[in-house]
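Open the model in your viewer and keep the selection box handy. We will go from stop to stop, and at each one I will say what to pick and what is there.

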Amino acid sequence: MAKSHVESRTRTLLVAFLVCAVCSVIVSSTSVFLEPRQRANRERDREEKILRIVHGHEGLADLLSGLSGVTLAAHVVDLATGDSADHLDPVSFDPRRAAIDPLLGIALPDNRDPAGIGHRSRFSVVYQVESERRIILVVLPVHGSGYASTMYGYLALGGDLNTVAGLTFFEHGETPGLGGEIEDPDWLESWIGKRVFDEAGKVRIEIVPDVVDLSSSDSIYQVDGLTGATRTCDGVTALLRYWLSDDGFGPYLERVRKSNEEMP
Amino acid sequence: MSTTSIRTLTRPVFEENPIALQMLGVCSALAVTKSLATALTMCIAVTAVLCASNAAISSIRRLIPHSIRLIVQITMIASFVIVVDQVLKAYAWEVSKELSVFVGLIVTNCIVLGRAEAFAMHNPVRASVLDGLGNGLGYSVVLIAVGSVRELFGSGSLLGFVMFPQVSDGGWFMPVALMRSPPSAFFVIAGLIWLLRTVRPAQIEQPEPTSPEPDSRSRPLARKRGEP
């Protein structure tokens, strides 16, 4: 074969094009073919993380497995009013699809969007643990922009709807080793017992840039920052503050607080 | 199998080990060897990519124009890496979460591009696959050794099975915290190289000449050192 023939411009372009075409078919068909399995894995991972939070909370694992009348149930909640939206099925309702749906979602203007999410669903699926008709634990889905991705997680609050019972992230694309440390079990553990609201009802929870000054009275609202992940940490603070505000789960938390107070 | 084939397969394991002699792929060897399970998965992933990319590149080696050969090679390697990454995410979810970006980073592993450029471009498919397999095995031998040492002394277990019961669990073994951090892989690899070069003194490098070699540009890519 003549070398000049292989090296001609047309030939070079043709080979480049064909290699790209074949490779893209291989890559995209693998991705499409394996997507259902990967989605199932992600879903299982998410469920495991919810259960780990719930079971980790003050011996709930034993209570939930026994016949003590303690129940864990998912509910769809209307975020604007805080009421249950029982016409929506918590299993099939998909908040991510709803966020961009003209009827189920709303677009957030820049000045009302501290978590940087653009759109959000008007409804959300929360998990409640009830004991003797009192809600003793709520698990709230939260998400917001970090440094490189949207971070999806769950925040669990105890029966006072103020004390953090757990925090977890089940999906994000933050840099492994830096922002990716939001999955670090020890760091997530340090959230437990922190308060999210002060006495006046203002959202105070935050990640501080360095380490928490334990002598300060604010330390009950503060968590240590992660090294090299300033923007990820700022994103976590912003998303938690957004979802705990009146634009997020505020009305729902208020309703649960009232209904808990009415119970003897 | 002919003697040449066996040589192609076994030469990269000890004589021309990609990590121990050529110092390629060290980056991933540091990152994924905290436990034996992640090291093994990485070995399988790298070996699969090496075999597939060597086979594919060798099969079209006469059609690749010289001017774009590196781009063509890296495009094909990147495609195989994505396929392997997707398969791991579907069938080995837990391990793939631990390996995180390091599967994707196989594309920057110099062993793969090195073998494509130095071997697959000049040899038939069968020999290229054997060369890929051999280099994959050479990489694996080092990773498995490092992974075993680090898991055994860092966590007192192998593949998750307890070998030395830890003090914190009521046993006698005090885990070496250093073994759980990536730099320890440097020490273990250095130890392996020392061992290998004591057994095979021919692998000891000659001191660098003071004046640049006239033919330094024509050295095969796989011989260049200091790449990740």
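Which residue stands opposite A:G144 in β6(A)? Select A:G144 and look across: the residue facing it in β6(A) is A:M151.

Before moving on, some ground rules. This is a predicted model, in which local features need pLDDT of at least 70 and side-chain atom pairs count only at pLDDT 80 or more, while totals for chains, interfaces and linings use all residues. Residues are numbered from 1 along each chain as its sequence is written, chains are lettered from A and ligands numbered from 1 in the order in which they are written, and side-chain values use heavy atoms, with hydrogens and water left out. Helices (H or I, at least four residues) and strands (E, at least two) are DSSP runs, numbered from the N terminus. Two strands count as paired if DSSP finds at least two bridges between them.

**Stop 1: the whole sheet**

Colour β1, β4, β5, β6 and β7 of chain A. These 5 strands form an open sheet in the order β1-β4-β5-β6-β7, with antiparallel pairing. At the edges are β1 (71–78) and β7 (164–171) of chain A, each pairing on one side only. From one strand to the next, the twist averages 25 degrees; the axes are lines fitted to C-alpha atoms, for helices over the stretch in contact, and angles run from 0 to 180 degrees between N-to-C directions.

If you turn on backbone hydrogen bonds, remember that strands of a sheet pair through them, either parallel or antiparallel.

**Stop 2: β5 and β6**

Select residues 134–145 and 150–158 of chain A. These are β5 and β6, which run antiparallel and are joined by 9 bridges. They form a hairpin with 4 residues between the strands. Besides the pair you met at the start, find A:P141, which stands opposite A:Y154 in β6(A).

Is β6(A) enclosed or open? Because 8 of its 9 residues are buried, β6(A) is largely enclosed by the rest of the structure. Buried means under 20% relative accessible area, exposed means over 50%, and partly exposed is in between (1.4 Å probe, protein chains only).

**Stop 3: on to β7**

Next, add residues 164–171 of chain A, the edge strand β7. β6(A) and β7(A) pair in the antiparallel sense over 6 bridges. One pair to display is A:Y152 with A:E171, which stands opposite it in β7(A). The hairpin of these strands has 5 residues between them, and there A:L161 takes a positive phi near 55 degrees.

**Stop 4: β4 and its turn into β5**

Go back to residues 123–131 of chain A, which make up β4. Since 8 of its 9 residues are buried, β4(A) is largely enclosed by the rest of the structure. It pairs with β5(A) in the antiparallel sense over 5 bridges, and A:Q128 has A:V138 as its bridge partner in β5(A).

The hairpin of β4(A) and β5(A) has 2 residues between the strands. Select A:E132, in the loop between β4 and β5 of chain A: its phi is positive, about 50 degrees, although it is not a glycine. A:R133 is found in that loop too, and it has a positive phi of about 65 degrees, again without being a glycine. A:E132 counts as exposed at 71% relative accessibility, and A:R133 counts as exposed at 65%.

**Stop 5: the β1 edge**

β1(A) and β4(A) run antiparallel, joined by 8 bridges. Pick A:T71, whose bridge partner in β4(A) is A:E130. Then centre on A:L72, which lies in strand β1 of chain A and counts as partly exposed at 31% relative accessibility. Leaving aside neighbours within four places in sequence, A:L72 is in contact (heavy atoms within 4.5 Å) with residues including A:L51, A:V54, A:L64 and A:Y127. A distance label between the C-alpha atoms of A:L72 and A:I135, 63 residues apart along the chain, should read 9.8 Å.

**Stop 6: two helices on the sheet**

Show residues 230–244 of chain A. This is helix α6, which packs on the sheet and touches β5, β6 and β7 of chain A, its direction making about 130 degrees with that of β5(A). Now add helix α7 (residues 250–262) of chain A: it lies across β1, β4, β5 and β6 of chain A, running at about 175 degrees to β5(A).
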